[in-house]
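Student: I'd like to go through this one by asking how each label is earned. Can we put the values next to the cut-offs?

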Amino acid sequence: MSALAALIRRDIRIALRVGGGALIGVLFFLTVTVLMPFAVGPDLALLSRLGPAILWLGALLASLLTLDRLFTADHEDGSLDLIVMSRTPLELACAAKALAHWIAAGLPLIIATPVLGLLLNLDGTATLAVAATLLAGTPALTFTGMIGAALAVTLHRGGLLLAVLVLPLSIPVLIFGVAASQAAISGPLPFGTPFSILCALSLASLVIGPFAAAASLRHGLD
Amino acid sequence: MRLSGRNLKCVRGGREVFSGLDVSAAAGEALAVTGPNGAGKTSLLRVLAGLLVPAEGTIALEGGDVELSLPEQAHYLGHRDALKPALSVMENLSFWREFLGGKAEDAGRCLAAVALDHAAHLPAAYLSAGQRRRLSIARLLSVRRPVWLLDEPTSALDTAGQALFVALMRDHLAGGGLIVAATHLPLGIDARDLRMGGAA
């Protein structure tokens, strides 16, 4: 356990230091969301109807932005070799790395959501609903994205491949994330129905992600 | 304890790197793997470290911990230093010490053993190539593992650093460890020679 805690601590520490990706993700999220009202125009009703979708797309792209460094950084400097050799099962090490990535890059997005909701004319309930769905849904983005990151680990400039691999997998999360937010804002569906499916998607990816990523890392090392 | 590989064959990218290779080293013994560039020295070490799957052959560590596999009882010192430039020297070492687990030494003492204790709080980004190597060597000391797999361990080290590393290898062998090192330079310790590649 202390090995996994050490891995999580190290990854968070690197992400928060100079050159780490944590702040870049939030800044990107901010930029996408701020640009959107300019593109859509000053129609407040339209903006608040699109709001949840915009926030979700922003969060999805922002989490993708830093995901490609999840394993490549460790692969390039040789750390991954030692992690594979170590007494900690690779599946658990992958899960720890994804958790650290989510804490460093996913949580700040959720914390920034209430501020960005103001820019999109979302009221209190709507912002809260979007934040809740992001909290439940972003772990799924990280843990499925990890599979793509593991597949692209040996490629230089694998970021684009990662996007192509991961975005189709994140469609269900996007659908139910936005559906749950819309349900809370305008109905007619109860919030709980899409939200529980969203939670289920997250839980399933929590289980599948580490195994798939570990398998592709083992296969891809040379 | 005895490390033995029998009839090993390694294929990389469709090309046979080596085949029919027998490796063996007993506790307290060092094996120097020599040969021209591209002879497969690094591939052999990576096969022993479990990072490459041999196409044929078996590897065994007799007399080790039966609960653990060979890679789990080995240190691998590769070309790449496994250091994070954003973390300080001490943070880098402490991380590997905690992550690798097992019987651990005091991190400060390990840094002192490789003469890096004055730089403990310096970010690893500012280290020279030789200092990076010293820090990687400190990792070998911080957690005790009986098998050391070393790939060009003395590259980038200055004369003092090489002398220091020779003494550390001697201590490791005297403590019942074994070393397999790929090298072009003389290791500086009594080592059996394994010549690879011939006149390829």
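Tutor: Sure. Start with contact: two residues are in contact if their C-beta atoms, placed from the backbone, lie within 7 Å. Keep in mind that this is a predicted model.

Student: What covers the buried residues of α5(B) in that sense?

Tutor: The cover includes β3 (30-34), α4 (129-142), β6 (147-151) and β7 of chain B. The buried residues of α5(B) are B:F165, B:M169 and B:H172.

Student: What puts these buried residues on the same side of α5(B)?

Tutor: Their arc around the axis is only 60°, so they sit on the same side of α5(B). On the other side, B:T159, B:A160, B:A163, B:D171 and B:A174 are exposed.

Student: How do you know that the span of helix α5 of chain B agrees with its 16 residues?

Tutor: At 1.5 Å a residue, residues 159-174 should span 22 Å, and the end C-alpha atoms of α5 of chain B are 23 Å apart, so the two agree.

Student: And which residue with a positive phi follows α5(B)?

Tutor: That's B:G176, with phi near 90°.

Student: Why does B:L187 count as buried?

Tutor: The cut-off is 20 or more other C-beta atoms within 10 Å. B:L187 has 21 such neighbours, so it counts as buried.

Student: Where does B:L187 lie, and which residues does B:L187 contact, leaving aside its neighbours within four places in sequence?

Tutor: B:L187 is in the loop between β7 (178-182) and β8 (192-195) of chain B. Its contacts, with those neighbours left out, are B:A30, B:A32 and B:A181. The C-alpha atoms of B:L187 and B:T154 are 8.0 Å apart, although 33 residues separate the two along the chain.

Student: Over to chain A. What makes the contact between α3(A) and α9(A)?

Tutor: From α3(A) come A:P52, A:A53, A:W56 and A:L60, and from α9(A) come A:L174, A:G177, A:V178, A:S181 and A:Q182. By class, that contact has 6 nonpolar, 3 polar and no charged residues.

Student: How do the axes of these helices cross?

Tutor: The axes of α3 (residues 44-67) and α9 (residues 171-186) of chain A come within 9 Å and cross at roughly 145°. The crossing of α3(A) with α9(A) is right-handed.

Student: Last one: how many residues of chain B are in contact with chain A?

Tutor: 23 residues of chain B are in contact with 22 of chain A. On the chain B side, α2(B) gives the largest share, 4 residues. The residues on that side divide into 14 nonpolar, 3 polar and 6 charged.

Technical notes
Residues numbered from 1 in each chain as written. Chains lettered and ligands numbered in written order. Predicted model: local features only at pLDDT ≥ 70, side-chain atom pairs only at ≥ 80, totals over all residues. Helix = DSSP H or I, 4+ residues; strand = E, 2+ residues; numbered from the N terminus. Buried ≥ 20, exposed ≤ 12 C-beta atoms within 10 Å, placed from the backbone. Nonpolar A, V, L, I, M, F, W, Y, C, P; charged D, E, K, R; others polar. Expected span 1.5 Å × (residues − 1). Arc of directions from axis to C-beta. Axes fitted to C-alpha atoms, helices over the stretch in contact; angles between N-to-C directions. Left-handed = near helix turned anticlockwise from the far one by under 90°.
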